[in-house]
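Reader: I would like to go through the labels attached to this model and see, for each one, what justifies it.
Author: Then let us set each value beside its cut-off and draw the conclusion from there.

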Amino acid sequence: MSVLTRDEAQTRARLLDVHHYTIDLDLTRGDETFDSRTAIRFTVRGETGTTDTFVEVKPAELRTVTLDGHPLDPAALTDNRLALKNLTPGEHELRVEAAMHYSRTGEGMHRFTDPSDGETYVYTQLFMDDVQRVFAAFDQPDLKAVFDLTVTAPKDWSVLANGITEHLGDGHWKAAATPLISTYLVAVAAGPWHSQRTEHRGLPFGIHCRRSLARHLDADADELFEITRGCFDRYHEKFTEPYPFDSYDQAFVPEFNAGAMENPGLVTFRDEFVFRSAVTDTERQTRAMVIAHEMAHMWFGDLVTLRWWDDIWLNESFAEYMGYQTTAEATRFTRTWTDFGVTRKPWGYDADQRPTTHPVAPENVEDTASALLNFDGISYAKGASALRQLVTWLGEKDFLAGINTHFDRHKFANATLADFIDSLAAATDRDVHAWADAWLRTTGVDTLTPRLTGENGSRALTVDHTGTRPHRIAVGLYDQDLTDEGRLTLRERLDLDIPQDEPRPIGKLPALVVLNDADLSYAKIRFDADSFRTLHARLSGLPDPLTRAVVWNALRDAVRDGDLTTGAYLDIARTHLPHETDLALVDGVLAFASAQVADRYATPEQRPAALATLTDLCRDLIRRTEDGDHPGLRLIAVRHRIATAAHPDTIAAWLADGTVPGGPELDPELRWRILTRLAVLGATDETAIAAELDRDPSATGQEGAARCRAALPDPEAKNRAWEAMFASDDLSNYLFTATAQGFWQPEQADLVQDFVPRYYADAVAVAARRGPAIAEAAGRWAFPVHAVDTDNLRLGRACLDDAEPIPALRRKLADQLDDLARALRVREARTH
């Protein structure tokens with residue numbers, strides 16, 4: 001499949017104005033393909049001469065093509081491009097009729113049959129260049145057009161689209177014409193949806209899911225609508241430009257590759273956000289943030305769209321920042337920045353320290369395949385952190401003024417980084433262009449370290465700065481609470497600009513100095529020796545969870561950099577986590593401690609002790625929550641107790657009894673967690689897995705069974721799982737991921753050692769056959785993460801040098817191998 005280059009897109013944008021698409025889809029043609037008919041009205045610029053261009057389409061069968069009423073040869077389709085030659089200046093109409101493949105990988109028109117009830121659903125995911133899997137298009141973001149859509153569907157289905165849809169009878173549906181939008185934002189979702197509808201500020205709002213999830217959606221409908229209305233109203237307080245579309249539907253769809261997609265008027269979400277088992281308030285907060293994030297895209301991305309994919313940060317960084325900030329302002333979830341600090345921001349820090357890092361706003365994104373790689377922790381977490389620092393430096397009033405200028409100048413059009421910076425500069429006297437150069441055009445993570453000088457009573461603080469970016473930070477000075485020796489009290493929070501002009505007087509020596517308190521900038525921080533001793537004894541005594549998040553992130557970075565031993569980290573977690581009250585912090589620290597510290601950074605000889613420490617920690621949390629007053633904390637502790645179980649007896653008893661003593665009762669999610677861990681430990685079998693699947697035959701149950709079967713410590717089970725992933729193309733994106741998650745286990749290193757060298761050739765082959773979505777899954781989930789050894793590193797580097805993996809897999813492998821090399825360095829640091 002040809003990928004569109006920047007030069008090709010710029011050339012086509014100079015040649016064409018695209019006005020209108022008329023698209024007709026017939027979804028009644030069977031299980032494998034659907035019919036697609038497209039008419040495109042466009043203008044060729046200029047006054048004389050002729051020009052050549054092309055349109056993209058990737059059909060199962062290209063049936064007819066006509067240009068201005070004259071037939072073109074369908075056999076002229078080369079790869080996914082159809083040449084349009086000798087075009088004269090003026091108006092033209094292209095008509096394309098084709099049969100198109102349904103997808104099972106979440107790309108194009110994805111088709112899913114629910115194992116719970118046999119009902120079928122289809123939906124589109126056209127980002128970044130998958131529109132050509134559904135209809136013919138000039139597929140680039142700066143050729144915006146009006147889209148008129150009609151759909152023929154089975155008679156018991158309903159059809160959702162970007163605009164309000166009308167059922168014309170007999171399965172025929174028509175959507176209201178869109179305003180000017182980009183091709184990748186066109187959306188259709190069709191099936192026997194269960195829907196809840198309301199109206200807000202004169203607009204129809206809807207939430208939708210498959211029928212088998214109806215009762216779970218209904219249980220949360222009030223919360224979902226309340227969050228949606230709150231964010232909608234808050235954005236109208238921030239933005240002078242009103243919501244630009246005719247309705248707001250949110251569809252929770254199966255087997256979705258991303259968290260959500262910002263299709264104007266029809267946001268699609270992964271339907272794991274329709275909770276069918278118990279969840280914590282932090283998980284509800286995450287769902288709220290995603291709702292706010294996608295709604296921000298209605299302005300950042302949909303109303304004003306990037307011109308080319310090098311400015312993806314203009315979409316994602318802004319939506320990420322606005323999602324967290326607006327959730328905190330407009331919903332009951334007021335601690336979103338703590339969650340961002342402990343779970344999201346490390347994603348950016350990690351990505352920014354790998355060889356594959358890139359600027360938030362890269363200058364040379366050559367093609368769509370390269371652009372797809374930039375949807376990562378840089379464009380989301382680092383970009384959002386940079387914007388939070390920009391607001392701190394600029395002031396929210398001027399920041400919002402610049403944003404509103406940007407909307408006014410570029411609504412229903414396209415814009416670049418330069419356009420945005422010009423809009424901000426119009427609202428302030430500060431040098432925004434210099435700020436952008438320092439923050440958006442550079443890579444890497446700065447490090448800030450405190451240095452205290454002078455005599456007690458007249459101490460001064462200097463911040464040593466490794467890096468190039470200016471920072472405006474808060475510095476927290478903490479003293480021991482004289483009435484409670486475990487607590488720390490905030491003496492003062494200083495505002496400080498880095499680099500400093502001169503040392504800052506702070507008076508007497510504090511017990512603890514926390515740089516970047518309130519987490520307003522993006523940098524690694526370190527502690528002076530006295531502060532570290534205080535943290536070791538009193539971390540849980542810090543009064544603000546956001547400060548504790550900054551500290552836990554600093555400890556995490558120190559482990560990854562080999563500056564803090566894994567044993568010391570686990571000791572601090574064992575001491576302080578049982579006293580933690582913030583759910584995001586507990587879950588984030590436990591996740592890092594188990595998946596990274598115990599499973600990767602600890603040697604095989606050290607791992608049993610690490611798991612024992614984590615098991616004891618979880619037991620403490622479970623005992624602390626026996627009063628029933630902290631169900632979310634108890635749920636987190638139970639989940640991690642299951643994951644760290646080194647022996648099956650306790651969790652097997654929970655499964656047999658259907659409950660954890662004192663609660664909670666085991667819902668499907670917990671039952672599958674236990675059964676997966678029992679499979680890893682060799683304490684269950686196929687009979688038990690099949691029985692559990694009979695109990696829960698849902699799509700999630702199918703994934704749970706696939707995960708369990710791949711986790712069984714049996715050579716035949718491993719071979720079957722491997723063949724399913726790499727020799728067959730039958731697994732959907734979700735079943736592939738579930739199988740991969742079960743396959744590699746640290747406890748089974750000897751059993752699967754022969755698969756490690758097989759992985760690289762097989763992953764390259766399956767990625768080439770099945771495309772970017774499966775390539776990403778193969779690189780992320782099927783990689784032999786447990787094999788922390790030089791042989792695995794050597795094999796991986798040889799693959800990158802010799803095997804020519806497609807870009808999506810190459811990027812994932814490069815990141816995995818860098819993480820593997822880091823794990824080896826951490827292990828080596830422990831032995832010296």
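**Cavities and salt bridges**

Author: In this predicted model, a search of the whole structure finds four cavities of 30 Å³ or more.

Reader: What is the volume of the largest cavity, and which residues lie nearest its centre?
Author: The volume of the largest cavity is about 90 Å³, and among its 13 lining residues F300, G301, V304, L314 and H406 lie nearest the centre. At least two lining residues come from each of β20 (304-306), α4 (313-330) and α8.

Reader: How do the residues lining the largest cavity divide into nonpolar, polar and charged?
Author: Nine are nonpolar and four are polar, while no charged residue takes part in that lining.

Reader: Which residues line the second largest cavity, and how do they divide?
Author: The second largest cavity holds about 60 Å³ of space, and its lining consists of Y349, N516, D519, A523, K524, I525, V550, N553, A554 and D557. Five of these residues are nonpolar, two polar and three charged, and α12 gives the most to the lining, with four residues.

Reader: What makes D31 and R111 a salt bridge?
Author: The cut-off is 4 Å between a side-chain nitrogen of Lys or Arg and a carboxyl oxygen of Asp or Glu; the closest N and O atoms of D31 and R111 are 3.0 Å apart, so the pair qualifies. Because D31 lies in the loop between β1 (16-26) and β2 (33-44) and R111 in strand β8 (residues 108-113), the pair ties together parts that are 80 residues apart in sequence.

Reader: Why is D31 called exposed or buried, and why R111?
Author: Exposed requires over 50% relative accessible area and buried under 20%; D31, at 55%, therefore counts as exposed, whereas R111, at 12%, is therefore buried.

Reader: How do you know that E396 and K238 meet in a salt bridge, and how is each classed by accessibility?
Author: Their N to O distance is 3.7 Å, which lies within the 4 Å limit, so the label holds. This pair links helix α8 (residues 396-410), where E396 lies, with helix α2 (residues 214-238), where K238 lies, 158 residues apart. At 32%, E396 falls between the two accessibility cut-offs and is therefore partly exposed, while K238, at 4%, is under 20% and so counts as buried.

Reader: What makes R354 and D815 a salt bridge?
Author: At 3.9 Å, N to O, the pair is within 4 Å and so meets the definition. R354 and D815 are both buried, and they are 461 residues apart.

Technical notes: Residues numbered from 1 in each chain as written. Predicted model: local features only at pLDDT ≥ 70, side-chain atom pairs only at ≥ 80, totals over all residues. Heavy atoms only, no water. Buried < 20%, exposed > 50% of the residue type's maximum accessible area, 1.4 Å probe, protein only. 1 Å grid on protein atoms, 1.4 Å probe; cavity = no way out; pocket = protein on both sides within 12 Å on 5 of 7 lines; lining within 4 Å. Points joined across faces, edges and corners; volume = space filled by probe spheres on them. Nonpolar A, V, L, I, M, F, W, Y, C, P; charged D, E, K, R; others polar.
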